[in-house]
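Morning, everyone. I have one structure to walk through today. Please pull it up and follow along.

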Amino acid sequence: MELILLGPPGAGKGTQSKFLETRYGVAQISTGDMLRAEVKAGTPIGLEAKGIMDAGGLVSDDLIIRMIGERISRPDCAKGFILDGFPRTVPQAEALDRLLHETAVDLDAVIELKVDEAVLVERISGRFTCAKCGAGYHDTFRKPKKEGVCDTCGGTEFTRRPDDKAETVHARLDAYNVQTAPILPYYQAQGRLYSVDGMAEMDEVQAQIEAVLRKIGVTAA
Ligand code: ADP
Ligand code: ADP
Ligand code: ZN
């Protein structure tokens, strides 16, 4: 299965792609997570990306395309992958088409999660993550079952992203509307675009995504 989850910041891409990773046995690839790992490790890529990420802008297509090219050639992608947060510009979508063409891999679908801006802001401002295993939570919509303890790994340390503060969120939403939204018609023209209601509860969004996958003949591993 080769799938793209598309949607504005806070739409639920990470939440849904982590679920799909387990259910379908394919690799979840988040360019945002990869960049945050580079920043944390202080690599040259991290140093180049940090200021742009903190300001809510998009990192250069060149850097991202190189990173993705290397990533999807790794063995864990042999059974497929879910792209979360990539592509984010038309040149990135075109580069992905070239990469997939070279390896004779066909994209199954691009699933768009549609969510209103007011809800996105609410989701982003309440988002936090387990520092140990990366499981995602929300202050209101997805609290750990036991306060302060990760459901998945029992970890007790959590982190919030520096770019999840209100000032940066608007820049990120602008970047989505101006630079990312134009890839919707790109995939529409290819007949690969499916939209789901990302405003629904997490389980319901999950069910809608699975319905799309069934419709196009993709079944769980
Ligand atoms: P993205 O990866 O698209 O930026 P996330 O998956 O990180 O979005 O979700 C953003 C925040 O909203 C997280 O705190 C997550 O727990 C929460 N969330 C995700 N999906 C839903 C949903 N359907 N309803 C309510 N909250 C959600
Ligand atoms: P969200 O989950 O809120 O949509 P991400 O974690 O995907 O955010 O991305 C965080 C930041 O990393 C973006 O605001 C941007 O600066 C950078 N980034 C991630 N993916 C890309 C990409 N494909 N192209 C350019 N910049 C990216
Ligand atoms: Zn955890």
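Let's start at ligand 1. A backbone N or O atom of Y137 lies 2.7 Å from an oxygen atom of this ligand. Keep in mind that this is a predicted model. Every distance I quote is computed from it.

Stay with the backbone for a moment. G10 offers a polar backbone atom 2.8 Å from an oxygen atom of ligand 1. A200 does something similar with a nitrogen atom of the ligand: a backbone N or O atom of A200 lies 2.8 Å away from it.

How much of ligand 1 does the protein bury? Taken alone, ligand 1 exposes 570 Å², and the protein buries 91% of that.

Now, who surrounds it? There are 17 residues around ligand 1. G10, T15, R127, Y137 and A200 come nearest. Three elements give two or more residues to this shell: α1, residues 13-24; β6; and α9, residues 202-215. Helix α1 has the largest share, with three residues. By class, count eight nonpolar, five polar and four charged residues.

Next, ligand 2. Here 19 residues make up the surroundings, and K13, T31, R36, G57 and R172 come nearest.

Take the polar contacts one at a time. R36 uses its side chain: a polar atom there lies 2.9 Å from an oxygen atom of ligand 2. V59 uses its backbone, with an N or O atom 3.1 Å from a nitrogen atom of the ligand. G85 also brings a polar backbone atom, 3.0 Å from a nitrogen atom of ligand 2.

And the cover? On its own, ligand 2 has 550 Å² of accessible area, and the protein covers 97% of it.

Which helix gives the most to the shell around ligand 2? That is α2, residues 31-41, with four residues. The class split in this shell is seven nonpolar, five polar and seven charged.

On to the metal. Ligand 3 is a zinc ion, coordinated by the SG atoms of C130, C133, C150 and C153 at 2.3 Å. The angles among the four donor atoms run from 101 to 115°, and the site is tetrahedral. Along the sequence, the donor residues follow the spacing C-x2-C-x16-C-x2-C.

Why does the pair C130 and C150 tie together separate parts of the chain? Because C130 lies in strand β5, residues 127-130, while C150 lies in the loop between β6, residues 136-138, and β7, residues 158-159. Those parts are 20 residues apart in sequence.

Are these two cysteines buried or exposed? C130 is buried, with a relative accessible area of 2%. C150 is buried as well, at 3%.

One last stop: G7. Find G7 in the loop between β1, residues 2-6, and α1. G7 has 8% relative accessibility, so it counts as buried, the cut-off being under 20%. Now look across to A181. Along the chain, G7 and A181 are 174 residues apart. In the model, their C-alpha atoms are separated by 8.5 Å.

To recap the sites. The protein buries 91% of the area that ligand 1 exposes alone. For ligand 2, the covered part is 97%. The zinc ion sits in a tetrahedral site, with C130, C133, C150 and C153 as its donor residues. Thanks, and over to you for discussion.

How values were computed
Residues numbered from 1 in each chain as written. Chains lettered and ligands numbered in written order. Predicted model: local features only at pLDDT ≥ 70, side-chain atom pairs only at ≥ 80, totals over all residues. Heavy atoms only, no water. Donors = N, O, S within 2.8 Å, 3.2 Å for Na, K, Ca; no water. Tetrahedral: all angles 85-135°; square planar, octahedral: opposite > 155°, others 65-115°. Buried < 20%, exposed > 50% of the residue type's maximum accessible area, 1.4 Å probe, protein only. Near = heavy atom within 4 Å. Polar contact = N/O pair within 3.5 Å; in protein donor to acceptor, adjacent residues only side chain to side chain. Areas by Shrake-Rupley, 256 points an atom, 1.4 Å probe, with all protein chains shown as cover. Nonpolar A, V, L, I, M, F, W, Y, C, P; charged D, E, K, R; others polar.
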